[in-house]
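Good morning, everyone, and thank you for making the time. I would like to walk you through one chain slowly, beginning with a single residue and then stepping back to the whole, so please have a look at it first.

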Amino acid sequence: MIPLSTRMRPDSLDNFIGQKHFMYKDSLFYNSIRNKTFDSAIFYGPSGTGKTTLARIIAKEMDGEFYELNASTTGTKELKEIIEKAQLKFFGLQKQTTYVYVDEVHRWNKLQQDSLLKAIEEGVIHFIGSTTENPYFSINNAILSRVRNIYEFKQHTTEDLIEILTYTLQDTARGLGSLHIKYETEVLKVLAEMSNGDARVALDTLGFILDNLNTDMELTTALVGEAMQRKTTFYDRSEDRYNLLSALQKSIRGSDPDAAVHYLARLLNGGADIQMIGRRLLVMASEDIGMAYPTAITIVNSCVQAALMVGLPEAQINLAQAVVLLASSPKSNASCMALDKALQDIRTKQIDDVPLHLKDSHYGGAKKRGIGIDYKYPHAYGGYVKQQYLPDNLYQAGVRYYEPTENGNEAAFKKFLEGVRKINGRD
(Lines give C-alpha, C1' and ligand atoms only; values in the text may rest on other atoms or scores of the structure.)
Protein backbone atom coordinates (compact mmCIF):
# COMPACT_ATOMS: atom_id res chain seq x y z
CA MET A 1 0.00 0.00 0.00
CA ILE A 2 1.34 3.43 -0.96
CA PRO A 3 1.78 5.66 2.12
CA LEU A 4 -0.60 8.62 2.29
CA SER A 5 2.33 11.05 2.38
CA THR A 6 3.56 9.68 -0.96
CA ARG A 7 0.11 9.80 -2.54
CA MET A 8 -0.40 13.40 -1.47
CA ARG A 9 2.93 14.79 -2.72
CA PRO A 10 2.13 18.09 -4.52
CA ASP A 11 2.81 17.91 -8.25
CA SER A 12 2.75 21.64 -9.03
CA LEU A 13 4.06 24.88 -7.57
CA ASP A 14 0.59 26.16 -6.78
CA ASN A 15 -0.21 23.04 -4.73
CA PHE A 16 2.98 23.25 -2.66
CA ILE A 17 2.35 24.29 0.96
CA GLY A 18 4.98 25.69 3.30
CA GLN A 19 8.40 27.40 3.19
CA LYS A 20 6.70 30.74 2.68
CA HIS A 21 9.88 32.63 3.61
CA PHE A 22 11.18 31.95 0.09
CA MET A 23 8.43 30.04 -1.75
CA TYR A 24 5.43 32.24 -2.52
CA LYS A 25 3.78 33.51 -5.67
CA ASP A 26 5.96 36.06 -7.50
CA SER A 27 8.95 35.48 -5.21
CA LEU A 28 12.29 35.28 -7.01
CA PHE A 29 12.37 31.55 -6.27
CA TYR A 30 8.87 31.02 -7.68
CA ASN A 31 9.52 33.16 -10.76
CA SER A 32 12.84 31.46 -11.52
CA ILE A 33 10.96 28.18 -11.91
CA ARG A 34 8.09 29.70 -13.89
CA ASN A 35 10.60 31.50 -16.15
CA LYS A 36 12.72 28.34 -16.46
CA THR A 37 15.83 30.14 -15.19
CA PHE A 38 16.26 28.06 -12.02
CA ASP A 39 19.89 27.04 -11.56
CA SER A 40 21.67 24.74 -9.11
CA ALA A 41 20.78 24.88 -5.43
CA ILE A 42 21.17 23.24 -2.04
CA PHE A 43 18.05 22.46 -0.02
CA TYR A 44 18.86 22.29 3.67
CA GLY A 45 16.53 21.40 6.53
CA PRO A 46 14.83 18.68 8.60
CA SER A 47 12.94 15.72 7.18
CA GLY A 48 9.35 16.07 6.04
CA THR A 49 9.60 19.72 5.03
CA GLY A 50 9.26 19.32 1.25
CA LYS A 51 12.83 19.20 -0.09
CA THR A 52 12.35 16.18 -2.36
CA THR A 53 8.84 17.23 -3.35
CA LEU A 54 9.99 20.68 -4.44
CA ALA A 55 12.94 19.24 -6.38
CA ARG A 56 10.54 17.00 -8.34
CA ILE A 57 8.22 19.92 -9.05
CA ILE A 58 11.16 21.98 -10.32
CA ALA A 59 12.26 19.20 -12.66
CA LYS A 60 8.72 18.86 -14.02
CA GLU A 61 8.35 22.61 -14.58
CA MET A 62 11.75 22.93 -16.27
CA ASP A 63 11.00 20.25 -18.89
CA GLY A 64 14.46 18.75 -18.45
CA GLU A 65 15.81 15.25 -17.94
CA PHE A 66 15.61 14.43 -14.25
CA TYR A 67 17.61 11.97 -12.18
CA GLU A 68 16.88 11.40 -8.51
CA LEU A 69 19.68 9.81 -6.50
CA ASN A 70 20.21 8.96 -2.87
CA ALA A 71 23.78 9.46 -1.70
CA SER A 72 23.55 6.51 0.69
CA THR A 73 22.95 4.03 -2.17
CA THR A 74 24.49 5.69 -5.25
CA GLY A 75 28.22 5.87 -5.91
CA THR A 76 30.58 7.69 -8.25
CA LYS A 77 30.19 5.13 -11.05
CA GLU A 78 26.45 5.74 -11.46
CA LEU A 79 26.97 9.49 -11.23
CA LYS A 80 29.59 9.48 -13.99
CA GLU A 81 27.23 7.55 -16.25
CA ILE A 82 24.55 10.17 -15.71
CA ILE A 83 26.99 13.00 -16.42
CA GLU A 84 28.13 11.32 -19.67
CA LYS A 85 24.51 11.05 -20.86
CA ALA A 86 23.92 14.66 -19.83
CA GLN A 87 26.95 15.81 -21.86
CA LEU A 88 25.56 14.17 -25.00
CA LYS A 89 22.24 15.96 -24.56
CA PHE A 90 23.77 19.30 -23.61
CA PHE A 91 26.42 19.49 -26.34
CA GLY A 92 24.41 17.56 -28.95
CA LEU A 93 21.45 18.54 -31.07
CA GLN A 94 19.01 18.49 -28.17
CA LYS A 95 20.76 21.23 -26.17
CA GLN A 96 18.87 19.90 -23.16
CA THR A 97 19.86 20.50 -19.55
CA THR A 98 19.77 17.61 -17.11
CA TYR A 99 18.66 18.04 -13.51
CA VAL A 100 20.33 15.83 -10.94
CA TYR A 101 18.78 15.69 -7.50
CA VAL A 102 20.91 14.06 -4.79
CA ASP A 103 19.16 13.36 -1.50
CA GLU A 104 21.35 13.18 1.63
CA VAL A 105 24.26 14.63 -0.34
CA HIS A 106 26.22 15.08 2.90
CA ARG A 107 26.78 11.29 2.88
CA TRP A 108 29.06 11.55 -0.16
CA ASN A 109 32.76 11.90 0.56
CA LYS A 110 34.95 14.65 -0.92
CA LEU A 111 35.89 12.63 -4.01
CA GLN A 112 32.27 11.84 -4.81
CA GLN A 113 31.20 15.44 -4.35
CA ASP A 114 34.10 16.71 -6.46
CA SER A 115 32.97 14.53 -9.39
CA LEU A 116 30.12 17.01 -9.86
CA LEU A 117 32.27 20.12 -10.15
CA LYS A 118 33.08 20.26 -13.86
CA ALA A 119 29.56 19.31 -14.95
CA ILE A 120 28.01 22.02 -12.75
CA GLU A 121 30.53 24.64 -13.86
CA GLU A 122 29.96 23.93 -17.56
CA GLY A 123 26.19 23.88 -17.15
CA VAL A 124 25.95 20.25 -18.30
CA ILE A 125 23.85 19.51 -15.23
CA HIS A 126 21.83 21.61 -12.86
CA PHE A 127 22.42 20.18 -9.43
CA ILE A 128 19.99 20.14 -6.51
CA GLY A 129 21.36 18.62 -3.34
CA SER A 130 19.32 18.11 -0.20
CA THR A 131 20.70 17.58 3.26
CA THR A 132 19.57 17.59 6.87
CA GLU A 133 23.09 18.66 7.89
CA ASN A 134 24.45 22.21 7.82
CA PRO A 135 25.80 22.45 4.23
CA TYR A 136 28.58 24.83 5.26
CA PHE A 137 30.07 21.98 7.27
CA SER A 138 28.96 18.91 5.32
CA ILE A 139 29.42 19.97 1.69
CA ASN A 140 32.69 20.90 -0.01
CA ASN A 141 33.41 24.58 -0.47
CA ALA A 142 34.08 23.93 -4.16
CA ILE A 143 30.49 22.74 -4.57
CA LEU A 144 29.09 25.62 -2.54
CA SER A 145 30.94 28.18 -4.66
CA ARG A 146 29.31 26.78 -7.82
CA VAL A 147 25.81 26.60 -6.36
CA ARG A 148 24.30 30.06 -6.29
CA ASN A 149 21.67 29.56 -3.61
CA ILE A 150 21.26 27.62 -0.39
CA TYR A 151 17.61 27.46 0.67
CA GLU A 152 16.89 26.62 4.28
CA PHE A 153 13.73 24.56 4.72
CA LYS A 154 12.14 25.12 8.10
CA GLN A 155 9.81 22.84 10.01
CA HIS A 156 6.23 23.27 8.88
CA THR A 157 4.16 25.56 11.06
CA THR A 158 1.07 24.18 12.73
CA GLU A 159 -0.99 26.23 10.27
CA ASP A 160 0.85 24.68 7.31
CA LEU A 161 0.17 21.16 8.56
CA ILE A 162 -3.50 21.88 9.26
CA GLU A 163 -3.81 23.17 5.69
CA ILE A 164 -2.12 20.01 4.35
CA LEU A 165 -4.31 17.71 6.46
CA THR A 166 -7.50 19.57 5.56
CA TYR A 167 -6.69 19.39 1.86
CA THR A 168 -6.02 15.65 2.20
CA LEU A 169 -9.33 14.99 3.95
CA GLN A 170 -11.24 16.95 1.30
CA ASP A 171 -9.44 15.87 -1.87
CA THR A 172 -11.34 13.15 -3.74
CA ALA A 173 -8.73 12.38 -6.41
CA ARG A 174 -5.73 11.30 -4.34
CA GLY A 175 -6.88 12.06 -0.82
CA LEU A 176 -9.61 10.89 1.52
CA GLY A 177 -12.48 13.11 0.44
CA SER A 178 -14.62 10.20 -0.76
CA LEU A 179 -14.63 8.67 2.74
CA HIS A 180 -16.58 11.62 4.21
CA ILE A 181 -14.68 11.43 7.50
CA LYS A 182 -16.07 13.43 10.41
CA TYR A 183 -13.55 15.57 12.26
CA GLU A 184 -13.16 18.78 14.25
CA THR A 185 -10.53 21.35 13.31
CA GLU A 186 -9.14 21.08 16.84
CA VAL A 187 -8.29 17.40 16.19
CA LEU A 188 -6.23 18.39 13.14
CA LYS A 189 -4.48 21.00 15.25
CA VAL A 190 -3.53 18.36 17.82
CA LEU A 191 -2.19 16.06 15.10
CA ALA A 192 -0.28 18.95 13.52
CA GLU A 193 1.30 20.02 16.81
CA MET A 194 2.29 16.47 17.73
CA SER A 195 3.96 15.98 14.33
CA ASN A 196 6.70 18.51 15.17
CA GLY A 197 6.65 20.23 11.80
CA ASP A 198 7.01 17.02 9.77
CA ALA A 199 4.36 16.69 7.04
CA ARG A 200 5.31 13.07 6.39
CA VAL A 201 4.63 12.14 10.02
CA ALA A 202 1.33 14.04 10.03
CA LEU A 203 0.02 12.46 6.83
CA ASP A 204 1.19 8.91 7.53
CA THR A 205 -0.28 9.07 11.04
CA LEU A 206 -3.59 10.21 9.55
CA GLY A 207 -3.41 7.36 7.03
CA PHE A 208 -2.65 4.82 9.75
CA ILE A 209 -5.64 5.93 11.83
CA LEU A 210 -8.11 5.84 8.95
CA ASP A 211 -6.82 2.52 7.62
CA ASN A 212 -7.59 0.91 10.96
CA LEU A 213 -10.93 2.43 11.94
CA ASN A 214 -13.83 -0.01 12.25
CA THR A 215 -17.19 1.50 11.40
CA ASP A 216 -17.40 4.97 12.87
CA MET A 217 -15.44 7.17 10.45
CA GLU A 218 -14.71 9.94 12.94
CA LEU A 219 -11.28 11.34 13.69
CA THR A 220 -10.82 12.10 17.41
CA THR A 221 -8.10 13.41 19.67
CA ALA A 222 -8.00 10.07 21.50
CA LEU A 223 -7.24 8.25 18.22
CA VAL A 224 -4.45 10.72 17.43
CA GLY A 225 -2.92 10.12 20.85
CA GLU A 226 -3.16 6.35 20.42
CA ALA A 227 -1.57 6.46 16.97
CA MET A 228 1.26 8.75 18.13
CA GLN A 229 1.68 6.75 21.36
CA ARG A 230 1.59 9.97 23.32
CA LYS A 231 -0.80 11.42 25.86
CA THR A 232 -3.10 14.15 24.58
CA THR A 233 -4.12 15.66 27.93
CA PHE A 234 -1.97 18.69 27.20
CA TYR A 235 -3.79 19.28 23.91
CA ASP A 236 -7.37 18.70 25.05
CA ARG A 237 -7.80 22.26 26.30
CA SER A 238 -5.78 24.80 24.34
CA GLU A 239 -5.49 27.23 27.26
CA ASP A 240 -3.71 24.64 29.41
CA ARG A 241 -0.45 24.78 27.48
CA TYR A 242 -0.19 28.54 27.87
CA ASN A 243 -1.20 28.49 31.52
CA LEU A 244 1.34 25.79 32.35
CA LEU A 245 4.15 27.44 30.38
CA SER A 246 3.33 30.75 32.07
CA ALA A 247 3.32 29.12 35.52
CA LEU A 248 6.65 27.44 34.74
CA GLN A 249 8.29 30.73 33.78
CA LYS A 250 6.87 32.65 36.74
CA SER A 251 7.98 29.93 39.16
CA ILE A 252 11.51 30.04 37.72
CA ARG A 253 11.48 33.86 37.84
CA GLY A 254 10.38 33.61 41.48
CA SER A 255 13.27 31.24 42.32
CA ASP A 256 10.97 28.38 43.37
CA PRO A 257 12.52 25.17 41.97
CA ASP A 258 9.84 22.99 43.57
CA ALA A 259 6.99 24.77 41.79
CA ALA A 260 9.00 24.95 38.57
CA VAL A 261 9.60 21.18 38.56
CA HIS A 262 5.91 20.64 39.34
CA TYR A 263 4.81 22.56 36.24
CA LEU A 264 7.48 20.85 34.12
CA ALA A 265 6.06 17.50 35.25
CA ARG A 266 2.53 18.57 34.30
CA LEU A 267 3.70 19.70 30.88
CA LEU A 268 5.51 16.41 30.24
CA ASN A 269 2.67 14.32 31.62
CA GLY A 270 0.24 16.10 29.32
CA GLY A 271 2.29 15.39 26.20
CA ALA A 272 4.23 18.65 25.68
CA ASP A 273 7.16 18.12 23.34
CA ILE A 274 10.82 18.88 24.00
CA GLN A 275 11.04 21.77 21.56
CA MET A 276 8.09 23.63 23.05
CA ILE A 277 9.55 23.43 26.56
CA GLY A 278 13.13 23.96 25.38
CA ARG A 279 12.32 27.16 23.48
CA ARG A 280 10.70 28.66 26.57
CA LEU A 281 13.63 27.66 28.80
CA LEU A 282 16.14 29.30 26.44
CA VAL A 283 14.13 32.53 26.48
CA MET A 284 14.05 32.47 30.30
CA ALA A 285 17.82 32.03 30.47
CA SER A 286 18.27 35.44 28.83
CA GLU A 287 15.11 37.22 29.92
CA ASP A 288 15.04 36.31 33.61
CA ILE A 289 18.58 35.22 34.56
CA GLY A 290 20.59 37.26 32.06
CA MET A 291 23.82 38.81 33.29
CA ALA A 292 23.32 37.65 36.87
CA TYR A 293 24.51 34.23 35.66
CA PRO A 294 25.49 34.67 31.99
CA THR A 295 26.58 31.05 31.50
CA ALA A 296 23.06 29.84 32.31
CA ILE A 297 22.03 30.03 28.67
CA THR A 298 25.01 27.89 27.64
CA ILE A 299 24.12 25.21 30.18
CA VAL A 300 20.41 25.33 29.34
CA ASN A 301 21.15 25.13 25.63
CA SER A 302 23.30 22.04 26.29
CA CYS A 303 20.47 20.47 28.30
CA VAL A 304 17.92 21.17 25.56
CA GLN A 305 20.22 19.81 22.84
CA ALA A 306 20.89 16.73 24.95
CA ALA A 307 17.14 16.26 25.44
CA LEU A 308 16.55 16.45 21.69
CA MET A 309 19.29 13.90 21.06
CA VAL A 310 18.23 11.51 23.82
CA GLY A 311 14.48 11.76 23.21
CA LEU A 312 11.68 11.05 25.62
CA PRO A 313 11.32 9.64 28.21
CA GLU A 314 15.00 10.08 29.24
CA ALA A 315 14.98 13.66 27.92
CA GLN A 316 12.90 14.56 30.99
CA ILE A 317 16.09 14.29 33.06
CA ASN A 318 17.89 16.88 30.93
CA LEU A 319 14.93 19.26 31.05
CA ALA A 320 14.62 18.88 34.83
CA GLN A 321 18.28 19.87 35.22
CA ALA A 322 17.72 22.99 33.12
CA VAL A 323 14.60 23.97 35.10
CA VAL A 324 16.26 23.52 38.50
CA LEU A 325 19.33 25.46 37.34
CA LEU A 326 17.25 28.41 36.14
CA ALA A 327 15.05 28.48 39.25
CA SER A 328 18.08 28.31 41.53
CA SER A 329 20.10 31.00 39.72
CA PRO A 330 20.34 34.69 40.65
CA LYS A 331 18.00 36.79 38.52
CA SER A 332 18.33 39.91 36.40
CA ASN A 333 16.29 41.23 33.50
CA ALA A 334 18.57 44.28 33.08
CA SER A 335 19.85 43.32 29.61
CA CYS A 336 16.30 42.65 28.41
CA MET A 337 15.08 45.97 29.83
CA ALA A 338 18.03 47.79 28.23
CA LEU A 339 16.94 46.60 24.80
CA ASP A 340 13.31 47.55 25.47
CA LYS A 341 14.38 51.09 26.40
CA ALA A 342 16.59 51.42 23.32
CA LEU A 343 13.80 50.20 21.03
CA GLN A 344 11.37 52.64 22.62
CA ASP A 345 13.75 55.54 21.92
CA ILE A 346 14.19 54.44 18.30
CA ARG A 347 10.43 54.28 17.82
CA THR A 348 9.62 57.60 19.50
CA LYS A 349 12.65 59.90 19.08
CA GLN A 350 14.53 61.52 16.26
CA ILE A 351 17.97 59.91 16.63
CA ASP A 352 21.16 61.55 15.37
CA ASP A 353 23.45 59.78 12.92
CA VAL A 354 26.22 57.38 13.90
CA PRO A 355 29.25 59.49 14.98
CA LEU A 356 31.77 59.90 12.16
CA HIS A 357 34.62 58.24 14.07
CA LEU A 358 32.54 55.03 14.45
CA LYS A 359 31.54 54.65 10.81
CA ASP A 360 33.16 52.08 8.54
CA SER A 361 36.35 53.55 7.08
CA HIS A 362 37.64 50.52 5.18
CA TYR A 363 37.18 51.95 1.71
CA GLY A 364 38.79 54.56 -0.48
CA GLY A 365 37.61 58.10 0.10
CA ALA A 366 36.44 57.56 3.68
CA LYS A 367 39.07 59.87 5.17
CA LYS A 368 38.19 62.62 2.70
CA ARG A 369 34.70 62.52 4.16
CA GLY A 370 36.07 62.73 7.70
CA ILE A 371 35.06 59.16 8.47
CA GLY A 372 37.02 57.14 11.01
CA ILE A 373 39.73 59.76 11.51
CA ASP A 374 39.31 60.35 15.24
CA TYR A 375 38.55 56.77 16.26
CA LYS A 376 40.64 55.54 19.21
CA TYR A 377 41.43 51.82 19.30
CA PRO A 378 40.80 50.81 22.96
CA HIS A 379 43.36 47.99 22.93
CA ALA A 380 46.07 50.51 22.12
CA TYR A 381 45.24 52.26 25.40
CA GLY A 382 45.33 49.21 27.63
CA GLY A 383 41.77 48.07 26.97
CA TYR A 384 39.78 51.25 27.54
CA VAL A 385 39.88 54.88 26.43
CA LYS A 386 37.37 57.67 26.90
CA GLN A 387 35.36 58.04 23.71
CA GLN A 388 31.81 58.83 22.57
CA TYR A 389 29.80 55.91 21.16
CA LEU A 390 26.15 57.00 21.33
CA PRO A 391 24.70 59.34 18.69
CA ASP A 392 25.17 63.03 19.65
CA ASN A 393 21.72 63.82 21.04
CA LEU A 394 21.56 60.62 23.14
CA TYR A 395 25.10 61.19 24.42
CA GLN A 396 24.36 64.78 25.37
CA ALA A 397 21.17 63.69 27.13
CA GLY A 398 23.18 61.18 29.19
CA VAL A 399 21.01 58.29 28.07
CA ARG A 400 21.58 55.05 29.96
CA TYR A 401 19.82 51.83 28.99
CA TYR A 402 21.63 49.09 30.89
CA GLU A 403 21.21 49.35 34.66
CA PRO A 404 22.98 46.34 36.20
CA THR A 405 21.80 44.86 39.48
CA GLU A 406 23.78 43.59 42.44
CA ASN A 407 22.59 40.03 41.79
CA GLY A 408 25.07 37.22 41.13
CA ASN A 409 27.76 37.82 38.55
CA GLU A 410 26.11 41.05 37.44
CA ALA A 411 27.52 42.79 40.51
CA ALA A 412 31.02 42.43 38.99
CA PHE A 413 29.84 43.86 35.66
CA LYS A 414 28.20 46.73 37.54
CA LYS A 415 31.42 47.56 39.35
CA PHE A 416 33.41 47.57 36.09
CA LEU A 417 30.88 49.79 34.31
CA GLU A 418 30.72 52.20 37.22
CA GLY A 419 34.49 52.63 36.91
CA VAL A 420 34.20 53.25 33.17
CA ARG A 421 31.39 55.76 33.62
CA LYS A 422 33.41 57.57 36.30
CA ILE A 423 36.32 57.98 33.87
CA ASN A 424 33.86 59.36 31.32
CA GLY A 425 32.38 61.73 33.86
CA ARG A 426 28.97 60.12 33.31
CA ASP A 427 28.39 58.49 36.71
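Let me begin with a question: in which helix does Q112 lie? Please keep in mind throughout that what we are looking at is a predicted model. The helix in question is α5, which covers residues 110–114. Is Q112 buried or exposed? Buried means under 20% relative accessible area, and because Q112 has a relative accessibility of 16%, it counts as buried.

Now, what does Q112 touch, if we leave aside residues up to four places away in sequence? Its contacts are T74, G75, T76, L79 and R107, and I would like to follow one of these, T74, a little further.

T74 sits in the loop that runs between β2, residues 65–70, and α4, residues 76–91. With a relative accessibility of 11%, T74 is also under the cut-off and therefore counts as buried. Seen from its own side, and again not counting residues up to four places away in sequence, T74 touches L69, W108 and Q112. There is also a pairing in space to point out, since T74 and V102 are 28 residues apart in sequence, while their C-alpha atoms are 9.1 Å apart.

Let us turn to another helix, α12, which spans residues 221–228 and whose buried residues are T221, V224, G225 and M228. Why do they lie on the same side of α12? They do so because the arc they cover around the axis is only 95 degrees. As a general point, an α-helix has 3.6 residues a turn, so residues three or four places apart point the same way. On the face of α12 turned away from that buried side we find the exposed residues A222 and E226. After α12 comes Q229, which has a positive phi, near 55 degrees.

Finally, let me step back to the whole chain, which has 21 helices and five strands. Of its 427 residues, 43% count as buried. For a compact globule of 427 residues one would expect a radius of gyration near 22 Å, but this chain has 28 Å, and its C-alpha atoms fill a box of roughly 75 × 60 × 40 Å along the principal axes. If we take the contacts with a separation of 6 or more, 73% of them are between residues 24 or more positions apart.

Methods
Residues are numbered from 1 along each chain as its sequence is written. This is a predicted model: local features need pLDDT of at least 70, side-chain atom pairs count only at pLDDT 80 or more; totals for chains, interfaces and linings use all residues. Side-chain values use heavy atoms; hydrogens and water are left out. Helices (H or I, at least four residues) and strands (E, at least two) are DSSP runs, numbered from the N terminus. The radius of gyration is taken over C-alpha atoms; the globule rule is 2.2 Å times the number of residues to the power 0.38. Buried means under 20% relative accessible area, exposed over 50%, partly exposed in between (1.4 Å probe, protein chains only). Contact means heavy atoms within 4.5 Å. The arc is that of the directions from the helix axis to the C-beta atoms.
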